[in-house]
Amino acid sequence: MNFEHLIPIFVSTVVAATPLIYAALGELVTERAGVLNLGVEGMMLVGAVAAFAAGIATGSLVLAFLAGMLAATAVSLLFAFLTLSLQTNQVATGLALTLFGVGLSAFIGRGYAGMPIERVPKLDIHGISDLPVIGPLLLNYDALVYLSIALYFALSWFLKHSRAGLRLRATGESPTVAHAIGEPVIAIRYLAVMFGGAMAGIAGAYLSTALTPMWVEGMSAGRGWIALALVVFATWKPLRVMLGAYLFGGVTVMQLYAQGFGIDVPSEFLSMLPYAATIVVLVIICRDPKTILLNQPASLGKSFHPDA
């Protein structure tokens, strides 16, 4: 293996991590507001099939991603209504949302199986993309990859330095106190859940139009659960979400390259690597509860009613 072999591995890792970044950062915002939404997998699948259907119907990738965002946001609104307005259990509702998303996407996508769609194009900067090493290493991606990095910086600033971010974090830490000083806790949580849904929709749309430009039932393949694990792995910090996403992206890619490099490992073992890595990392982190409790929003998963 030489440097030329490492470049496609690096590029594939970044691309594989991109949907995880969108989904995990969206869930991070949701959880920082004190809401635990376990329906990321379902929202990703709804976003994926909606984006694919819109892309086939209109031929526009912009409208495809917009459709994916809107569809997943609509599903997240259902979750928000049940948990925030009707006060249902967040864990049970999130699991039901995943099952709903899996079934709905399979039903809608029956007529789209096997149909091709135009892949999201890579950016081509004339005179720069063709540069040796720098071109293929840093400029060999589509716009969504660069937007995911921009999203990280925007969210980091929002959570740390903006007044709105402070209100969001206060809602997640103590909704009772936030309500007492006049903050619209339920409205803030609604917006956070909707943002998480929109990001899951983008992640799903990326799966069906960029990572694998086709519709396949269940194509998220557990990425929604990995995104949920990433938030815990990152202890609710955006930078650690990014690093964790690239780590899991690398593990995912290695199952594709390992046998090509002559590593004699059963394909079934390689296929389970991303999920095994998720379990191992969570077990290691959870051995020290202080690591989790240090940054976990105090009211995460707890219902709040302003009249209570």
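Me: A crossing is right-handed if the near helix is turned clockwise from the far one by less than a right angle, and left-handed if anticlockwise. With that in hand, is the crossing of H10 and H11 left-handed or right-handed?

Reply: In this predicted model, H10 passes H11 in a right-handed crossing. By the definition, then, the near helix is turned clockwise from the far one.

Me: And what makes H10 and H11 oblique to each other?

Reply: Start with the angle. Helix H10 (residues 223-233) and helix H11 (residues 238-257) cross at roughly 135°, and their axes come within 9 Å. Roughly perpendicular ends at 115 degrees and roughly antiparallel begins over 145. The angle falls in neither class, so H10 and H11 count as oblique.

Me: Which residues make that contact, and how do they divide by class?

Reply: H10 brings Ile226, Leu230 and Phe233, while H11 brings Arg240, Val241, Gly244, Ala245, Leu247 and Phe248. That gives 7 nonpolar, 1 polar and 1 charged residues. Gly is placed with the polar residues and Arg with the charged ones, so Gly244 and Arg240 fill those two classes.

Me: H10 also packs on H2. Why are H2 and H10 called oblique?

Reply: Helix H2 (residues 40-58) meets H10 at an angle of about 135°, with the axes 7 Å apart. The cut-off for roughly antiparallel is over 145 degrees, so H2 and H10 are oblique to each other. H2 passes H10 in a right-handed crossing.

Me: How do you know which residues of the H2 and H10 contact are charged?

Reply: Val40, Glu41 and Met44 of H2 face Arg223, Gly224, Trp225, Ala227 and Leu228 of H10. By class, there are 5 nonpolar, 1 polar and 2 charged residues. Asp, Glu, Lys and Arg count as charged, so Glu41 and Arg223 are the charged pair of names here.

Me: Let's turn to H6 and H9. How are their axes arranged, and why does that arrangement get its name?

Reply: The axes of helix H6 (residues 143-161) and helix H9 (residues 185-211) lie 12 Å apart, and the packing angle is about 160°. That angle is over 145 degrees, which makes H6 roughly antiparallel to H9. H6 passes H9 in a left-handed crossing.

Me: What makes up the contact between H6 and H9?

Reply: Leu144, Val145, Leu151 and Leu155 come from H6, and Phe195, Met199, Ile202 and Tyr206 from H9. By class, this contact has 8 nonpolar residues, with no polar and no charged ones. Tyr is listed as nonpolar, so Tyr206 belongs in that group too.

Me: Now a single residue. Is Pro306 buried, partly exposed or exposed, and how do you know?

Reply: Pro306 has 33% relative accessibility. Buried means under 20% and exposed means over 50%, so Pro306 counts as partly exposed.

Me: Where does Pro306 sit, and what does Pro306 touch?

Reply: You'll find Pro306 in the segment after helix H13 (289-293). Leaving out residues up to four places away in sequence, Pro306 touches His179 and Ile186. Pro306 and Pro184 are 122 residues apart in sequence, and their C-alpha atoms are 9.0 Å apart.

Me: Stepping back, how many helices and strands does the protein have, and how much is buried?

Reply: The protein has 13 helices and 0 strands. Of its 308 residues, 49% are buried. About 14400 Å² is exposed, with carbon and sulfur atoms supplying 70% of that area.

Definitions and conventions. Residues are numbered from 1 along each chain as its sequence is written. This is a predicted model: local features need pLDDT of at least 70, side-chain atom pairs count only at pLDDT 80 or more; totals for chains, interfaces and linings use all residues. Side-chain values use heavy atoms; hydrogens and water are left out. Axes are lines fitted to C-alpha atoms, for helices over the stretch in contact, and angles run from 0 to 180 degrees between N-to-C directions. Helices (H or I, at least four residues) and strands (E, at least two) are DSSP runs, numbered from the N terminus. Angles under 35 degrees count as roughly parallel, over 145 as roughly antiparallel, 65 to 115 as roughly perpendicular and the rest as oblique. Contact means heavy atoms within 4.5 Å. Buried means under 20% relative accessible area, exposed over 50%, partly exposed in between (1.4 Å probe, protein chains only). Accessible areas come from the Shrake-Rupley method with a 1.4 Å probe; for residues, only the protein chains shown count as cover.
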